[in-house]
Amino acid sequence: MAGGMKVAVSPAVDAGPWGGRTGCGGAVRLLLVLSSCFVCGTAKIDVKVVTLQESRVYNMITRQQFCYENVLIPKWHDIWTRIQIRVNSSKLVRVTQVENEEKLKELEQFSIWNFFSSFLKEKLNDTYVNVGLYSTKTCLKVEIIEEDTKYSVTVTRRFDPKLFLVFLLGLMLFFCGDLLSRSQIFYYSTGMSVGIVASLLIIIFILSKFMPKKSPIYIILVGGWSFSLYLIQLVFKNVQEIWRCYWQYLLSYVLIVGFMSFAVCYKYGPLENERSINLLTWTLQLMGLCFMYSGIQIPHVALAIVIIALCTKNVEYPIRWLYITYR
């Protein structure tokens, strides 16, 4: 160049430490960083497990693991007794329930499943974990979402009125099934209730027709039974909040769909065919037996009560046969 000035031209891409280009070297370094993070995630973290005792309050401010060991043998008077672990917090926390301490150690290890399932788990201020009467050990992990979160953990063993009401409902359906199947009030009220619930399924089916076939929402709507059950569980847990915020829409939906369901039931009228009435009676009685069994916490006591109910309901037939044989 002019003036004898020499300009050294450096190569556009510098050689990496392995003789490659800088882009390849950056990719290798990125892989090393990710692998080191994976190794750190898979390393075991020793966290002290707190052993829970009944009727004692445990106040915590950090994430913690808990285990409850049930040492009492259930008696016959515990048929409507429920054991619950309550986690009450000032802010949202995430609670994960497992069977034993080994499962707790697996939660501390990094895995793709634990990573994605942490996003799907529900975050609540007040969480109840049900413990079976015959369960020997139940463990849970409480994770804090926000800082300055205070929470308490308690274990209670008490009489559950919900179980008693479920048992009474089953008792009524079993012994009054033949009367309910012929009742017009039961016919119209059941028809309206089924119509309100079934209309939601019809709306989901119509929406699925407008979804692209390759859309993930379509897969959830069509084949996601577990996701549907999860949504139903969320609705029942937050029904008070939904009613408080959207009571106008909810009341309008119930009135409109309920009136349409009543009109359909009124058009076809109550059941008159004796075989149809018998089928409805047997269905109600079967549902009653299921409710009676699920409303009792001790399985062998529940089975004995179901057998006694069956014998009591059909005791007239053996007595009638014995009387005819005697005559």
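## Helix 10 and its two sides

On the side of helix 10 that faces away from its buried residues, you'll find Arg275, Leu279, Trp282 and Leu286, which are exposed. Keep in mind that this is a predicted model. On the other side, the buried residues of helix 10 are Ile277, Thr281, Leu284, Gln285, Gly288, Leu289 and Met292. Look down the axis of helix 10 and those buried residues fall within an arc of 145°, so they line one face of the helix. The general rule behind this kind of pattern: an α-helix has 3.6 residues a turn, so residues three or four places apart point the same way.

How far apart are the end C-alpha atoms of helix 10? They are 30 Å apart, and that agrees with the 30 Å you'd expect because 21 residues (274-294) are laid out at 1.5 Å a residue.

## Strand 6 and its partners

Strand 6 (residues 137-144) pairs with strand 3 (residues 64-69) in the antiparallel sense, through 6 bridges. Strand 6 also runs antiparallel to strand 4 (residues 81-98), again with 6 bridges joining them.

A handy residue to click on here is Leu140 in strand 6. Phe66 stands opposite Leu140, and Gln97 stands opposite Leu140 too.

## The annotated membrane spans

The UniProt record, an unreviewed entry, puts the feature "transmembrane region" at residues 163-180, 186-208, 215-234 and 246-265. What does the model show for two of these? Residues 163-180 come out as 94% helix and 0% strand, with the end C-alpha atoms 23 Å apart. Residues 246-265 are 100% helix and 0% strand, and there the end C-alpha atoms lie 28 Å apart.

## Aromatic contacts

There are 7 aromatic pairs in the structure. One of them is Trp80 with Phe164, an edge-to-face pair at 4.9 Å centre to centre and 85° between the planes. This pair ties together distant parts of the chain, 84 residues apart: Trp80 sits in the loop between strand 3 and strand 4, while Phe164 belongs to helix 4 (residues 161-175). Phe164 counts as partly exposed, because its relative accessibility is 29%.

Another pair is Phe174 with Phe175: the ring centres are 5.1 Å apart and the planes are at 90°, so this one is edge-to-face. Are these two buried or partly exposed? Phe174 is buried, with a relative accessible area of 2%, whereas Phe175 is partly exposed at 31%.

Finally, Trp80 and Phe164 turn up again in a bigger group: together with Phe159 and Phe167 they form one aromatic cluster.

Note on methods
Residues numbered from 1 in each chain as written. Predicted model: local features only at pLDDT ≥ 70, side-chain atom pairs only at ≥ 80, totals over all residues. Heavy atoms only, no water. Pairing = 2+ DSSP bridges. Helix = DSSP H or I, 4+ residues; strand = E, 2+ residues; numbered from the N terminus. Expected span 1.5 Å × (residues − 1). Buried < 20%, exposed > 50% of the residue type's maximum accessible area, 1.4 Å probe, protein only. Arc of directions from axis to C-beta. UniProt positions renumbered as here; feature names shortened; annotations may be inferred. Phe/Tyr/Trp six-rings, centres within 6.5 Å; stacked < 30°, edge-to-face > 60°.
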